[in-house]
Amino acid sequence: LTALGEASMDPTISASDSTAQQDSLFSMMDVFLISLITGLFTYWFFFRKKKEEVPDLPKMQTVAAPVRDSSFIEKMKKTGRNIVVFYGSQTGTAEEFANRLSKDAHRYGLRGMAADPEEYDLSDLSRLSEIDKSLAVFCMATYGEGDPTDNAQDFYDWLQEADADLSGLRFAVFGLGNKTYEHFNAMGKYVDKRLEELGAQRIFELGLGDDDGNLEEDFITWREQFWPAVCEHFGVEATGEESSIRQYELVVHTDVNMNKVYTGEMGRLKSYENQKPPFDAKNPFLAQVTENRKLNEGGERHLMHLELDISNSKIRYESGDHVAVYPANDSSLVNQIGEILGTDLDTVMSLNNLDEESNKKHPFPCPTSYRTALTYYLDITNPPRTNVLYELAQYATDSGEQERLRKMASSAAEGKALYLSWVVEARRNILAILQDMPSLRPPIDHLCELLPRLQARYYSIASSSKVHPNSIHICAVTVEYETKTGRLNKGVATSWLKSKVPEQNGSSSLVPMYVRKSQFRLPFKPSTPVIMIGPGTGIAPFIGFIQERAWLKQQGKEVGETVLYYGCRREHEDYLYREELARFQKEGVLTQLNVAFSRDQAEKVYVQHLLKKNKEHVWKLVNEGMAHIYVCGDARNMARDVQNTFYEIVSEFGNMSQPQAVDYVKKLMTKGRYSLDVWS
């Protein structure tokens, strides 16, 4: 337009020339403008389309993503079940009890299913009343210091937050605990109380099983009163005698690709050959043993220190955590079972669940061989429970042996007493029972179906990741004892670990393991004093704690008093980590080392006696220094005696009555200033 304006004002240009020029210019401009507009429009059109399409793609993918069916109600309706038995299980016992209860239901014209709360949406409990004669049973174990088991954590969280109306729900709870622990059966008690608060109807009283006593007897006693209460509530009757019903069918594989056969893996096939993080209970890491040394100088016992290499595993741990290891059964025990039952242990088989709707397709990874199952998957060393004896009784050809087995599996007082003396107290495992009952020769596949799973063993980690980021240390004592029948019983895991020597002749010793997080933690502030009490192998986490305090000191941090109370039998026999502790004390990291040698003098001296001896200093650290107290080791005697000693110290120096002193210590626990890592 500027060019046109400038041309019209030029006096030397004629009118006709001007007109011709204008026509030419307009036609050129038209073409230019049309081309420009067309180009811009085309560019805009395609650009706009692309911009709109990009965010549409993830939307389409999201819609197409499959949604996991987690409704146990729909499953119960589909399969005609009316009783659901949820289990919170850490070692497999609660799951076993849940399976037994769900199996019982058929005797009363009812149908049950055992369920892992981790796999379902528990808010559906409010809908259970949609099913006729419905009932929810909860077999809940308590783990550690009053905690839920791993698989019940989500359920516990939901119960705490839920404001659901469960008024149509009928329920019963059986808790599994141990009286030597401070929070006996805390999870069972909480579930029972909370369900009632949410409006649910309890149809039978809470059962409290005690593993320090006789858990099996506690369960049987509760169960024999539970079912009559169910019958009365629903107006049903028992349909007859308890019958043996197989849950799995045997399939023998004669022509199988050995690459499809499990050889000890816990989850994914070939996971030990092709390791992929993250590593957990279903996907353990194969750690190489780099050190395995005997810690004690003398005595009958074998105390050992092992180091597991976790390089390239991406496993992270903190001082106070636990390492879980999956052991293997002694091959001689496995071979003897095979010989007694006349079985080719290398037969490859699968045990397939007859209930096609069940989430649990096999009792252990299948297909596999009997040898693998008995070595890596099944518990063959613990005394079998009464339900196993009942199921096995049918295979005893001698009437006396069959009657004896049935009696031990009964709820009669005489039968319970016989089971307690002949099985539990005599520590008869399945091999011993087969040896002592010559006519009892069950099919090996049924035996494999009945035996419980071999569980991982937990050890307090004896190292600090600040000092040893690529290795995890274990301190353990081998378990070995003679039974009343004269047999030598050995601990599965400790005997297996003892045999794990570092690399020899090019072959390495591998340990399947994973880390379980713990609440046993050093104070957030390094300047906070710590009092650690851990006799025997209870010293394990404190080696990690002291290593970490030494590292913090090296980093220039102010580290508070670090006091250790350790105990062993004799100074020159089983004083564990003697050199390391002396070095830490010399470096000034370990400000006070108190060691009780219980058998080096006429009168036995234990850690609690040394605490009393230093009571004034202990009180000053706790009261003025805001010290954190840690206790690790035996729950039955030591932990209880130490706690009672603290009651006495608090009462004396805090001018408190006994109940006030108890309350003071309980408050320390609530605040995380008195922590326990104990076992029975």
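**Entry 1: Terms and model**

Helices and strands in these notes are DSSP runs, numbered from the N terminus; a helix has at least four residues and a strand at least two. The model I examined is predicted.

**Entry 2: Cis peptide bonds**

I began with the peptide bonds. As background, most peptide bonds are trans. I looked up the bond that joins Cys366 and Pro367 and found it to be cis, with omega about 0°. I then placed Pro367 in the loop between strand 12 and strand 13, the latter spanning residues 368-369.

I recorded another cis bond, from Pro277 to Pro278, with omega near 0°. Pro278 is located in the loop that runs between strand 8 (248-252) and strand 9 (285-294).

**Entry 3: Positive phi**

Next I turned to backbone phi. Most residues other than glycine have a negative phi. Arg427 is not a glycine, yet I read a positive phi of about 50° for it. I located Arg427 in the loop between helix 12 and helix 13. Its relative accessible area is 30%, so I entered Arg427 as partly exposed.

Asn655 is likewise not a glycine and has a positive phi of about 50°. I found Asn655 in the loop that links helix 20 (635-653) to helix 21 (658-670). I entered Asn655 as exposed because its relative accessible area is 70%, and the cut-off for exposed is over 50%.

**Entry 4: The largest nonpolar core**

I then asked which residues make the most contacts inside the largest nonpolar core. They are Phe364, Leu374 and Met408, in a core of 43 residues. I listed the elements that give two or more residues to this core: helix 8 (331-340), strand 12 (348-353), helix 9 (370-377), helix 10 (386-393), helix 11 (399-408), helix 12 (413-425), helix 13 (430-436) and helix 14 (444-450). I also noted that at least three residues of the core come from domain 2 (277-327 + 456-518), and at least three from domain 3 (329-455).

To see the surroundings of one of these residues, I looked up Leu374. Leaving aside neighbours within four places in sequence, Leu374 is in contact with Asn329, Val334, Ile337, Leu345, Ile380, Ile444, Cys448 and Leu451. Apart from this core lies another, of 32 residues, among them Ile531, Val631, Leu668 and Met669.

**Entry 5: The second largest cavity**

I went on to enclosed space. Rolling a probe the size of a water molecule over the atoms shows where empty space is left. I counted two cavities of 30 Å³ or more in the structure. For the second largest I recorded a volume of about 30 Å³.

Which residues line the second largest cavity? I listed Asn214, Glu216, Glu217, Ile220, Thr386, Met408, Lys416 and Tyr419. Helix 7 (215-234) and helix 12 are the elements that give two or more residues to this lining. Helix 7 contributes the most, with three residues. Sorted by class, the lining has three nonpolar, two polar and three charged residues. I placed this cavity between domain 1 (72-234) and domain 3 (329-455), because both give residues to its lining. Met408, entered above among the residues with the most contacts inside the largest core, is also one of the lining residues here.

**Entry 6: Gly213 and Leu206**

I followed the chain to Gly213, in the loop between strand 7 (207-210) and helix 7. I entered Gly213 as exposed, since its relative accessible area is 53%. I noted a C-alpha separation of 8.0 Å between Gly213 and Asn178, which are 35 residues apart along the chain.

Leu206 lies in the loop between strand 6 (201-202) and strand 7. Is Leu206 buried or exposed? At 23% relative accessibility, I entered Leu206 as partly exposed. Not counting residues up to four places away in sequence, Leu206 touches Val173, Gly175, Gly188, Lys189, Asp192 and Trp222. I also recorded a C-alpha to C-alpha distance of 9.4 Å from Leu206 to Lys193, 13 residues apart in sequence.

**Entry 7: Ser102**

My last look-up was Ser102, in helix 4 (residues 93-104). I entered Ser102 as buried because its relative accessibility is 13%, and buried means under 20%. With neighbours within four places in sequence left aside, I found Ser102 in contact with Val85, Gly112, Met113 and Ala114.

Key: Residues numbered from 1 in each chain as written. Predicted model: local features only at pLDDT ≥ 70, side-chain atom pairs only at ≥ 80, totals over all residues. Heavy atoms only, no water. Buried < 20%, exposed > 50% of the residue type's maximum accessible area, 1.4 Å probe, protein only. Contact = heavy atoms within 4.5 Å. Core = buried A, V, L, I, M, F, W, Y, C linked by side-chain atoms within 4.5 Å. Domains from an automatic or database assignment. 1 Å grid on protein atoms, 1.4 Å probe; cavity = no way out; pocket = protein on both sides within 12 Å on 5 of 7 lines; lining within 4 Å. Points joined across faces, edges and corners; volume = space filled by probe spheres on them. Nonpolar A, V, L, I, M, F, W, Y, C, P; charged D, E, K, R; others polar.
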